[in-house]
Amino acid sequence: MSINLRTSIASVGPLIPFIRDDLGLSNGLAGFLTTLPLLTFATFSLFAPAIGRKMGMGRAVFLGVLLLTIGVILRVLGGIELLLVGTALTGIGIVIANVLVIPLIKVRLPHKIGLMTALLATMMSLFAAIAAGFSVPIAEDLGFGWRGSLASWAMFMVLALLVWIPQLKRPKAGMHIGGEKAKNVWKSKLAWQVTLFMGCQSVMYFTLTAWLPDMLVSRSWSPVEAGAVSSIMQLVSLIGSYFAPSILIKLKQQSGVILIVGIGYIIGFLGLFIESEWVTYSSLTLIGLGMGASLSIAYTLISLRTAEDQTTAKLSAMVQSSGYYLAALGPMLFGVSLDLFGSWNILIWFLILFSVLFTGFGMAAGRDMKI
């Protein structure tokens, strides 16, 4: 399931120039294509725990990827209207699966939280990298166009649904009813710190994923080269996403690791001011390591900062709702600023600002506390 939770978003960024030219979109509306799934993430994540309780989390995850598959196909069948409707549906599907797979791991594999969270984040990052790197070659070299390229990722979603069928026959997996009552995460300072940490991480990830290829094209890179560099950055992120959870669960506090990741982000983004090929590769390598680690850290903190299954599910929903509302601002705001000012340096300063906020909220959320 996890291999499908980023491909429908990561595949769009490298294809934005093609979609924009074909449909006559402004930069602001093109940025909105990446923002729209985040808005649906933010809104529908609040309903995911209730869906999980009603259906069972295993069945609800299946429903999420089914909706994602329908959205991926729908968005390439017509003009701007169907593109937006299909894109919104992909966001709804992703967030149902994304919110519930974390507490599902805690319920069914409580002694494997580190390993399974690492695999979840790593496979998401791996296939995001594959989608970013292959979207343009599929569109151009194979002659599928941007529509065929976006639709091609549905085959992995169908495969995931087939593989998940045995989970539908298992006993209903829901949050434990007995034991302590779930905490009110919305009134918890610690919950808000975890949420804002996730929000800053998401702002950086989705803004850079959406606009990095276009920025590199503006620096005379070819679309294929720009997509390949984005793919390499995502591949490097696998190192951080895989190893971070196993390190974190062994530490009493996670603040030190988060500080190191935050410093790496700032150095990496500063390097993007220098229009040199090797500096760009080096900077994106550092940023990629941070992106992989920070996603895994955010998911791991959801489990580490909660005691009860219901609280874990509610914190997961809160983190992905409020966090993605923040993330939704990134791609669209930068697209509008690009229309207004025509400067790519604004993107870099924007990302540096959120690196600082990421570090501050993360160090607070990394303390050894429970909600």
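# A guided tour of cavities, pockets and helices

Across the whole structure, a search turns up six cavities of 30 Å³ or more. Keep in mind as you explore that this is a predicted model. How can empty space be found at all? Rolling a probe the size of a water molecule over the atoms shows where empty space is left.

## Stop 1: the largest cavity

Select R6, M124, S125, A128, Q201, Y205, M233, Q234, S237, M291, G292 and L295, and show their side chains. Together these residues line the largest cavity. The space inside the largest cavity comes to about 80 Å³.

Now colour the helices. Which helices each supply at least two residues of this lining? They are α7 (113-140), α10 (189-218), α11 (223-248) and α13 (277-304). If you colour the lining of the largest cavity by class, you will find six nonpolar, five polar and one charged residues.

## Stop 2: two helices side by side

Stay with two of those helices and hide the rest. Two packed helices are described by the angle between their axes and the distance between the axes. For α7 and α11, the packing angle is about 175° and the axes are 8 Å apart. An angle over 145 degrees counts as roughly antiparallel, and α7 and α11 are therefore roughly antiparallel to each other. Try tracing each helix from its N-terminal end to see this for yourself. By class, the residues of the contact of α7 with α11 are 16 nonpolar, eleven polar and one charged.

## Stop 3: A139 in α7

Next, click on A139, which sits in helix α7. Is A139 buried or exposed? Its relative accessible area is 10%, and buried means under 20%, so A139 is buried.

To see its surroundings, select L15, F144, G145, W146 and S149: A139 touches these residues, not counting residues up to four places away in sequence. Draw a distance line from A139 to S149. The two are ten residues apart in sequence, and their C-alpha atoms are 5.2 Å apart in space.

## Stop 4: the largest pocket

Move on to the pockets. The largest pocket has a volume of about 400 Å³. It is lined by 16 residues, and those closest to its centre are V101, I105, L109, M116 and W164. Select these five to put yourself in the right place.

Helices α6 (80-108), α7 and α9 (154-168) each give at least two residues to the lining of the largest pocket. Coloured by class, that lining shows twelve nonpolar, two polar and two charged residues.

## Stop 5: I94 in α6

While α6 is on screen, pick out I94, which lies in this helix. The relative accessible area of I94 is 0%, so I94 is buried.

What is I94 in contact with, leaving aside its neighbours within four places in sequence? Select L5, R6, S8, I9, F41, G64 and L68 to see the answer. You have already met one of these: R6 also lines the largest cavity. Then find L68 again, 26 residues from I94 along the chain; the C-alpha atoms of this pair are separated by 6.1 Å.

## Stop 6: the second largest pocket

The second largest pocket has a volume of about 240 Å³. Of its 15 lining residues, select G240, V261, L289, G290 and A293, which lie nearest its centre. The elements giving two or more residues to this lining are α11, α12 (255-271) and α13. Which of them gives the most? The answer is α11, with six residues. By class, the lining of the second largest pocket has twelve nonpolar, three polar and no charged residues.

## Stop 7: S255 in α12

Now go to S255, in helix α12. With a relative accessible area of 13%, S255 is buried. Leaving aside neighbours within four places in sequence, S255 is in contact with M363, G366 and R367. Add A365 to your selection too: S255 and A365 are 110 residues apart in sequence, yet 7.4 Å apart in space, C-alpha to C-alpha.

## Last stop: S220

Finish in the loop between α10 and α11, where you will find S220. At 68% relative accessibility, S220 counts as exposed, because exposed means over 50%.

Check the backbone here as well. Most residues other than glycine have a negative phi. S220 is not a glycine, although its phi is positive, at about 80°.

Terms used: Residues numbered from 1 in each chain as written. Predicted model: local features only at pLDDT ≥ 70, side-chain atom pairs only at ≥ 80, totals over all residues. Heavy atoms only, no water. 1 Å grid on protein atoms, 1.4 Å probe; cavity = no way out; pocket = protein on both sides within 12 Å on 5 of 7 lines; lining within 4 Å. Points joined across faces, edges and corners; volume = space filled by probe spheres on them. Helix = DSSP H or I, 4+ residues; strand = E, 2+ residues; numbered from the N terminus. Nonpolar A, V, L, I, M, F, W, Y, C, P; charged D, E, K, R; others polar. Axes fitted to C-alpha atoms, helices over the stretch in contact; angles between N-to-C directions. Parallel < 35°, antiparallel > 145°, perpendicular 65-115°, else oblique. Buried < 20%, exposed > 50% of the residue type's maximum accessible area, 1.4 Å probe, protein only. Contact = heavy atoms within 4.5 Å.
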